[in-house]
Amino acid sequence: MTRTAPDLSVVIPIYNEEQVLPILFARLYPALDALARSYEIVFVNDGSRDRSAALLKEAFERRADVTRVVLFAANFGQHRAILAGFAESRGRYVITLDADLQNPPEEIPRVLAELDAGHDYVGTIRIQRKDVAWRRYASRLINALRERTTRVRITDQGCMFRGYARSVVDAVNQCSEYNTFVPALAYTFAMSPTEIMVAHEDRGAGVSKYSLFRLMRLNFDLMTGFSTAPMQLFSAFGIGIAMLSVLFVVFLVVRRLVVGPEAEGVFTLFAIAFFLIGVALFGVGLLGEYVSRIYDEVRHRPRYIVGSVLERREDQA
């Protein structure tokens, strides 16, 4: 690849997408060719265990003029794959896109138009999401919690189809935290963010790689990585519980003096004790989330390891 920076870089993380890649190639390259502007596609293979890497190599051999392939040595996760794509990208604008075709490549010109208009961050909102119901409802709940605890305003946080100006990408590249949520991190550096509605389709093939546990971990990264409000809210809640407990003890002492010994309230006391134990355990877990992120940071381990990069050298151009 020549060192001349293209106008647009499209970053696509890949993990076990063997079934959908041929369809993606058939739609992505024509959509970008139709833009009539210079571009590059940065595929990041996130340690796929199927034939995804082989298919990406074939795509590179066919279109080496616009294709670059980053091959991870292992599976490090979607967001770290995007960070690697940011580090390798050279375009004036960078657009991230999932490989599953739920966000059509034909929508790229709409995101690009907003970047041309002067916005440095373009978020997208999926129209008539094709995901299962529980994922839609969970997304709404997390969105509501995030908006009340952080200054990040992302309507559809689960949609990775987004556009970034080079200034935002460069700022993200300077960050070194081990766990992060890329769209939210980029939003904190944006001076002129905007959002647009985009189409949403069924997966081209295969199944989603996000299990319920992985979605929970991702949302913990989002909540704890950009705000200490959960800890502050829990502290306030703990103070409130402590004050109520003192009042309840005073009430029980007065009642014993007035009414005398009684055993009818023992189950109520058990219920209150179990509730307080549950609250305490939740607080320990929440504190553990913050401590575990500190632990990840102080170990200074690499966020990802690149096995190799397929690109055309300048003397081959």
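**View 1. Burial of helix α3 in the predicted model.** In α3, the buried residues (under 20% relative accessible area, 1.4 Å probe, protein chains only) are Gln78, His79, Arg80, Ala81, Ile82, Leu83, Ala84, Gly85 and Phe86. The helix, a DSSP run of H or I with at least four residues, numbered from the N terminus, spans residues 78-88 and is mostly covered, with nine of its eleven residues buried. The model is predicted: local features need pLDDT of at least 70 and side-chain atom pairs count only at pLDDT 80 or more, whereas totals for chains, interfaces and linings use all residues. Residues are numbered from 1 along each chain as its sequence is written, and side-chain values use heavy atoms, with hydrogens and water left out.

**View 2. The largest nonpolar core.** A nonpolar core is a set of buried Ala, Val, Leu, Ile, Met, Phe, Trp, Tyr and Cys residues joined through side-chain atoms within 4.5 Å. The largest one holds 39 residues, of which Leu8, Ile12, Leu28, Leu32, Phe43 and Ile108 touch the most other members. Helix α1 gives the most to this core, with six residues.

**View 3. Surroundings of Leu32.** Leaving aside neighbours within four places in sequence, Leu32 is in contact (heavy atoms within 4.5 Å) with Leu8, Val10, Tyr39, Ile41 and Ile108. Apart from the core shown in View 2 lies another core, of 28 residues, including Val44, Phe72, Ile82 and Val152.

**View 4. Two buried cysteines.** Cys159 is buried at a relative accessible area of 1%, and Cys175 also counts as buried, at 16%. A search of the whole structure finds zero disulfides (pairs of cysteine sulfur atoms within 2.5 Å).

Note on methods:
Buried means under 20% relative accessible area, exposed over 50%, partly exposed in between (1.4 Å probe, protein chains only). Helices (H or I, at least four residues) and strands (E, at least two) are DSSP runs, numbered from the N terminus.
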